[in-house]
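Biologist: I have a new model open and would love to go through it with you. Shall we put it on the screen and begin?

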Amino acid sequence: FGDLARIDQRAPQALRHLIGIYQAERDWEKAIENASRYEAATGEPMGKLIAQFECELADRLRAAGDAAGARAAVARAYAADSNSVRACMLEGRIEIDAGNDAAAIRAFERAARHDPDFLPELLAPLLAAYERVGDVPGARNFLSQMTEHYKGVAPVLALTRLQLPAESGRRLTLLSAAHAEGTLSPDEQQELMGLAGLYQRLWLRQAEALAEAVRRGLQPEMHS
């Protein structure tokens, strides 16, 4: 019985060693299998690590063009860790590959809400998906929410660009030129004042965000 007890005590250590070996070899199926065995043997939660391995597997399957396999791996990652940010990110990319922009938006937004620090990484594909579905108000609403939770400047800068789209910027330039020539109608004068006021408020908000980022050490100070 003493020998059996010593074997039982060494079993978790052996499983830990195997997990490390398979992780180094990028054999994700074996790493997952042994992490599950370790959890069953010790009672130590391994969900986050298993989810990480499932995401590695999903990434590999997606790169190989196996969308169904990648989706299944992402689903298992969620089962292991329902708050897995990486699983959300992968789900978003898989949905974009499949042309499902609405589903991609939901996945990317879920990732940002789980951990706002991932916002800069997901912002470009998220906003591109919003643009493709034509939901600029939805993008603005999401970015407004993120300005309350993310301390960097990324959502503020993106929101500024959305609030004053290229068409409005061009219109402001044309009206300003007409104003300089003295050819504005009363209605155009009102339109110019509205656009100029919006432009000024947005740039003030951006300047305040940049100043706050410098104060927090998130952005290097600019020297003239």
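Biologist: What end-to-end distance should the 17 residues of helix α3 span, and what is the distance between its end C-alpha atoms?

Modeller: This is a predicted model, so let me say that local features need pLDDT of at least 70, side-chain atom pairs count only at pLDDT 80 or more, and totals for chains, interfaces and linings use all residues. Residues are numbered from 1 along each chain as its sequence is written, and side-chain values use heavy atoms, with hydrogens and water left out. Helices here are DSSP runs of H or I with at least four residues, strands are runs of E with at least two, and both are numbered from the N terminus; the expected span is 1.5 Å times one less than the number of residues. For α3, residues 47-63, the expected span is therefore 24 Å, and the end C-alpha atoms agree at 24 Å.

Biologist: Which residues of α3 are buried?

Modeller: Buried means under 20% relative accessible area, exposed means over 50%, and partly exposed lies in between, with a 1.4 Å probe and protein chains only. In a helix there are 3.6 residues a turn, so residues three or four places apart point the same way. The buried residues of α3 are Gly 47, Ile 50, Ala 51, Phe 53, Glu 54, Cys 55, Glu 56, Leu 57 and Ala 58.

Biologist: Which residue with a positive phi follows α3?

Modeller: Look just past the helix for a phi near 85°. The residue that has it is Gly 65.

Biologist: And α4, what is the distance between its end C-alpha atoms?

Modeller: Helix α4 covers residues 67-80, which makes 14 residues. The expected span at 1.5 Å a residue is 20 Å, and it agrees with the distance between the end C-alpha atoms, 20 Å.

Biologist: Which elements cover the buried residues of α4?

Modeller: The buried residues of α4 are Gly 69, Ala 70, Ala 73, Val 74, Ala 77 and Tyr 78. Counting a contact as heavy atoms within 4.5 Å, the cover includes α3, α5 (85-97) and α6 (101-114).

Biologist: Why is Cys 55 not bonded to the closest cysteine sulfur?

Modeller: A disulfide is a covalent bond between the sulfur atoms of two cysteines, and the rule here asks for sulfur atoms within 2.5 Å. By that rule the count is zero disulfides. Cys 55 is buried because its relative accessibility is 0%, and Cys 88 is also at 0% and counts as buried. The closest cysteine sulfur to that of Cys 55 belongs to Cys 88 and is too far for a bond, at 8.8 Å.

Biologist: Which residue forms a salt bridge with Glu 54?

Modeller: A salt bridge needs a side-chain nitrogen of Lys or Arg within 4 Å of a carboxyl oxygen of Asp or Glu, and the count comes to 12 salt bridges. Glu 54 is buried at 5% relative accessible area. Its partner is in α4, 22 residues apart from Glu 54 in α3. With N to O at 3.0 Å, that partner is Arg 76.

Biologist: Is Arg 71 buried or partly exposed, and which residue does Arg 71 form a salt bridge with?

Modeller: At 34% relative accessibility, Arg 71 counts as partly exposed. The partner counts as buried, with 8% relative accessibility. Arg 71 lies in α4 and the partner in α5, so the pair ties together parts 24 residues apart in sequence. The closest N and O atoms are 2.7 Å apart, and the partner is Glu 95.

Biologist: What about Arg 132, which residue does its side chain meet in a salt bridge?

Modeller: Arg 132 sits in helix α7 (residues 119-133), and its partner is in α6, 31 residues apart. Arg 132 is partly exposed at 49% relative accessibility, whereas the partner is buried at 12%. The N to O distance is 2.8 Å, and the partner is Asp 101.

Biologist: Which residues does Asn 34 touch?

Modeller: Asn 34 belongs to helix α2 (residues 28-42) and is buried, at 3% relative accessibility. Leaving aside residues up to four places away in sequence, Asn 34 touches Leu 15, Leu 18, Ile 19 and Tyr 22.

Biologist: Finally, how many helices does the protein chain have, and what share of its residues is buried?

Modeller: The secondary structure comes to zero strands and 11 helices. Of the 224 residues, the buried share is 36%.
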